[in-house]
Amino acid sequence: MATNQYSSFRSSTAFPATMLAHLAAAALITLMLVWLLHFRGGLSFKSDDKAKYFNLHPLLMVIGFILISGEAIMAYKTVPATKKRQKQFHMILQMIALVAGILGIYVVFNYHTHSGIMHMYTLHSWLGIATISLFALHWLFSFFTFWYPGAQQSTKARLAPWHGVVGSIIFLMSILSAETGLIEKFIFLGLTRNQEALILNFTGVFIILFAVYVCFTVALSRYNQG
Ligand code: HEM
């Protein structure tokens with residue numbers, strides 16, 4: 001059954017978009033690691049090693065939060081299993097994304113406090129906090145509605161399209177947060193036309209491509225279902 005589902009997925013219209021999403025994700029992981037390890041001196045879990053400690057923020061937000069929640073969105077198309085298992089994967093991956101996101105925000109708050117920088121003074125920080133708060137609320141509401149204890153079947157069916165729309169809006173907000181964060185860091189570092197600038201700009205481009213392919217995967221699979 002699982003194998004049949006997977007082969008029908010492979011022959012579906014969404015398959016190329018999903019593959020492109022995975023390629024964009026691989027490119028993003030590579031770019032982030034080259035940027036943080038080669039250009040920004042690496043990563044540290046000790047908050048007194050300030051610059052390296054800050055580096056955990058973009059790492060956790062892009063690889064932990066955005067990539068994992070994008071994979072969670074595509075789980076109904078990529079996980080060769082029963083609908084119930086796919087739902088379980090979707091819920092657990094979103095939970096991992098949420099934990100990574102909360103950790104990423106904790107790190108940058110801690111970094112600001114240790115460096116004597118004020119909190120929440122930029123558009124990026126406002127967008128970011130709104131994104132993670134809505135994500136957490138949406139996850140909790142969806143958990144109680146669709147997983148445990150779970151609403152009545154008719155209520156679930158009525159709420160499912162809203163779940164998809166609200167989830168997509170929050171996903172797009174997370175993309176905006178990451179893009180504004182990258183631009184801000186670009187300016188803080190005073191970058192101009194050099195290798196590091198290219199790496200940062202291409203990171204931004206691949207984040208957008210990833211989001212576009214995730215959206216295509218969802219839209220084309222719906223179209224397939226008729
Ligand atoms: C979904 C992705 C992201 C979210 C939700 C997010 C959220 C946040 C939040 C809430 C703050 C405020 C911390 C404070 O005021 O103490 C912040 C700060 C910061 N973030 Fe992000 N961030 C994300 C991605 C990124 C990325 C990819 C970068 C790139 C390097 C970045 C760079 C920064 C910088 C430089 C600051 C300090 C300046 C400021 O407060 O705006 N962020 N982020």
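By class, 14 nonpolar, eleven polar and two charged residues make up the shell around the ligand. The structure discussed here is a predicted model, and this shell is a convenient place to enter it. Of the 27 residues around the ligand, those that come nearest are M61, T122, S125, G128 and G181. Four helices each supply at least two residues of the shell: α4 (56-78), α5 (83-115), α6 (123-147) and α7 (153-188). The largest share, eight residues, comes from α7.

From the ligand one may step back to the annotated regions of the chain. According to an unreviewed UniProt entry, residues 20-219 are covered by the annotation "domain: Cytochrome b561". In the model this span is 84% helix and 0% strand, and its end C-alpha atoms lie 15 Å apart. The unreviewed entry also carries the annotation "transmembrane region", which covers residues 20-39, 59-79, 91-111, 123-147, 159-178 and 198-220. Two of these stretches may serve as illustrations. Residues 91-111 are 100% helix and 0% strand, with end C-alpha atoms 30 Å apart. Residues 198-220 are likewise 100% helix and 0% strand, and the end C-alpha atoms of that stretch are 32 Å apart.

The nonpolar interior comes next. The largest nonpolar core has 45 residues, and A21, L28, V62, I207, F210 and V214 touch the most other members. At least two residues of this core are supplied by each of α2 (15-39), α3 (50-54), α4, α5, α6, α7 and α8 (195-224). Helix α4 provides the largest share of this core, namely 13 residues. V214 shows what such contacts look like for a single residue: leaving aside residues up to four places away in sequence, V214 touches A21, G70, I73 and M74.

Helix α2 can be examined in its own right. At 1.5 Å a residue, the 25 residues of α2 should span 36 Å, and the end C-alpha atoms of the helix are 35 Å apart, so the expected and modelled lengths agree. The buried residues of α2 are A17, T18, A21, A24, A25, L28, L31, M32, W35 and L36. After α2 comes G41, whose phi is positive, near 85°.

The same kind of check can be applied to helix α5. Its 33 residues should span 48 Å at 1.5 Å a residue, and its end C-alpha atoms are 48 Å apart, so the two values agree. Within α5, the buried residues include H90, Q94, A97, L98, A100, G101, G104, I105, V107 and V108. Among the elements that cover the buried residues of α5 are α3, α4 and α6. G116 follows α5 and has a positive phi, near 70°.

Two residues illustrate the contrast between buried and exposed positions. I92 lies in helix α5. A residue is exposed if 12 or fewer other C-beta atoms lie within 10 Å of its own, and buried if 20 or more do. I92 has 12 C-beta neighbours inside 10 Å and therefore counts as exposed. The C-alpha atoms of I92 and K50 are separated by 32 Å, although the two residues are 42 residues apart along the chain. L60, by contrast, is placed in helix α4, and L60 counts as buried because it has 22 C-beta neighbours inside 10 Å. Not counting residues up to four places away in sequence, L60 touches F65, A100, L103, G104 and V107. L60 and H112 are 52 residues apart in sequence, and their C-alpha atoms are 17 Å apart in space.

The loops between helices also deserve attention. M120 is found in the loop between α5 and α6. Its phi is near 55°, a positive value in a residue other than glycine. M120 is exposed because 11 other C-beta atoms lie within 10 Å. Further along, P149 is placed in the loop between α6 and α7. A cis peptide bond, with omega about 0°, joins Y148 and P149.

Technical notes:
Residues numbered from 1 in each chain as written. Predicted model: local features only at pLDDT ≥ 70, side-chain atom pairs only at ≥ 80, totals over all residues. UniProt positions renumbered as here; feature names shortened; annotations may be inferred. Near = placed C-beta within 6 Å. Nonpolar A, V, L, I, M, F, W, Y, C, P; charged D, E, K, R; others polar. Core = buried A, V, L, I, M, F, W, Y, C linked by C-beta atoms within 7 Å. Contact = placed C-beta atoms within 7 Å. Expected span 1.5 Å × (residues − 1).
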